[in-house]
Amino acid sequence: MHSFESILPAIHNKTSSLETLARLVSQIEQERTAVAVGGYVNQVSRSSIGVRGISNRVQLGDVVAIRSNNELLAAEVIRLEQDQVLIKPFDDRVMPGLGMSVFPGGPLQIAPGPDWKGRVINALACPLDNKGPLSAGPDPKPVDGLAPSAMNRRRVEKGLRTGVNVVDVFVPMCFGQRIGVFAGSGVGKSTLLGMMTKATDFDTVVLALTGERGREVRDILEDTMAGKLDKTIAVVATGDESPMMRRLAPNTATAIAEYFSERGDNVLLIVDSITRFAHAAREIAIASGEPPVSRGYPPTVFSQLPRLLERAGPGLASGGTITGIYAVLVDGDDHNDPISDAIRGTLDGHIVLDRIIAAQGRFPAVDILGSISRLAQHNWSRDQQKLVTGLRSLIARYEETRDLRMIGAYQTGSDPLVDQAVNLVPLIYDAMQQTPASPLSQDPYEDLAASLRPKEPS
């Protein structure tokens, strides 16, 4: 390849002309285009890496390869400018030197196959379980796919049983529903999610562990998911991994769920937690130069959330469904923080776990009055709906008068409805208690009725 030093003699030669100079420059540009298929690192920081020479060959979100110590390491384009691009490695321990080569790729794709069931993988679909390489399916699909068209989707109509009484009675779910489990840290989100995976109506379970503690991964897989690993695909991105991996894991899990749903399976997709996905998206957006607009969250976080959540749900007429359960970590027990509020407005219902209920020793610590399923009418019969409405009314009166009764300001007989609530609500709370060791409930209404029947004298 010519260098600018080789041009200088021609410039100083009296016989040279502007045409000669133009011809040499044109030749250099042609050779540069033919040889330089990659770019080079020109800027390195903890948050991102600047690359020159590939701006016209990549798009936002493309994967590129960085050559470092004779290895090719993956990174994603997070900002695109005319003279350089910003990339962020999937492994944030990667700190390439200036001048390292960078080669453009394309959108990240995975190719799931039927034998992925029973495997544990990372967000890039690389195996973590020492069971050998994953086989590639015949149809690669983008990790960041599009949701089905609203008019081509089936409607949600068929109810399901999770085996958790308080959910099946007060917050019943349907195939293709998306519901959130909202709670602060340490209130029992992961335990409740594990209990809900005992449902026998699903053909495939896809579990995305996003930002979880590393020590908990094997506990969840070997204890909580015991007996169901043969139909489970686990996508793991622990809290010590880069924000790129934590943001990618729910997308990878959703793409796998879409594959099995297209095959006709009823898929249970569990993401624990979607809040840590939002935290990772925030880190990446700020690294790309976006300004924070709402409690430190840039605007794209609030567009990425519904785009991910809308991919779950009822599929096309020829396929199955994706029932999504998303754990939402409520920062500071504030259920109106921006992320919780955005997720709650997108999902088809929410289960709220309360720290005070957990402190009373009632598990699952579900706040019955604060939880709702927007599709409950497809699961309840008319009699069941009437029963649950009456029970909610009793629970509301019981909680409203708790302080009065505690200080002795309420006299028995003043309000028959309150008297009935005082007699029945503690029995309802007892009937709703379950632990992971409890047997799977076959009929939650029968269990409830048995708890409310008067005890025969011994």
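Okay, let's start with strand E5, because five of its five residues are buried, so the rest of the structure largely encloses it. Keep in mind that this is a predicted model. If you look at the two faces of E5, both are covered. Val85, Ile87 and Pro89 sit on one side, Leu86 and Lys88 on the other, and they're all buried. Yes, that list includes a lysine, Lys88.

So who are the neighbours of E5? On one side there's strand E4, residues 71–80, joined to E5 by five bridges and running antiparallel. One pair you can find on screen is arginine 79, whose bridge partner in E5 is leucine 86. E4 and E5 make a hairpin, with four residues between them.

Then there's strand E2, residues 49–52, which is also antiparallel to E5 and is linked to it through three bridges. Here, look for valine 51, which has valine 85 as its bridge partner in E5.

As a quick reminder, strands of a sheet pair through backbone hydrogen bonds, in either a parallel or an antiparallel way.

Okay, zooming out. What do these strands build? Six strands close into a barrel, and going round, the order is E1-E2-E5-E4-E3-E6, with antiparallel pairing. On average, neighbouring strands in this sheet are turned by 45 degrees against each other, ignoring direction.

And where E1 meets E6, you've got residues 39–44 against residues 101–104, antiparallel, with two bridges. Glycine 39 is a handy one to click on there, as its bridge partner in E6 is valine 102.

Now follow the chain between E5 and E6. That loop holds leucine 98. Buried or exposed, what do we call leucine 98? Exposed, because its relative accessible area is 63% and the cut-off for exposed is over 50%. Leucine 98 also belongs to a nonpolar surface patch, together with Val44 and Met95, and that patch comes to about 260 Å².

Last stop, a different part of the chain: histidine 335. You'll find histidine 335 in the loop between strand E17, 321–329, and helix H9, 338–346. Histidine 335 counts as partly exposed because its relative accessibility is 25%, and that class runs between the 20% and 50% limits.

What does histidine 335 touch, apart from neighbours within four places in sequence? The contacts are Phe182, Val330, Ser340, Arg344, Val352 and Leu353. Phenylalanine 182 is 153 residues away from histidine 335 in sequence, yet the C-alpha to C-alpha distance is 7.7 Å.

That's my tour, thanks.

Conventions. Residues numbered from 1 in each chain as written. Predicted model: local features only at pLDDT ≥ 70, side-chain atom pairs only at ≥ 80, totals over all residues. Heavy atoms only, no water. Pairing = 2+ DSSP bridges. Axes fitted to C-alpha atoms, helices over the stretch in contact; angles between N-to-C directions. Buried < 20%, exposed > 50% of the residue type's maximum accessible area, 1.4 Å probe, protein only. Contact = heavy atoms within 4.5 Å. Patch = residues over 30% accessible without salt bridge, like charges linked within 9 Å, V, L, I, M, F, W, Y side chains within 5 Å. Areas by Shrake-Rupley, 256 points an atom, 1.4 Å probe, with all protein chains shown as cover. Salt bridge = Lys/Arg side-chain N within 4 Å of Asp/Glu carboxyl O.
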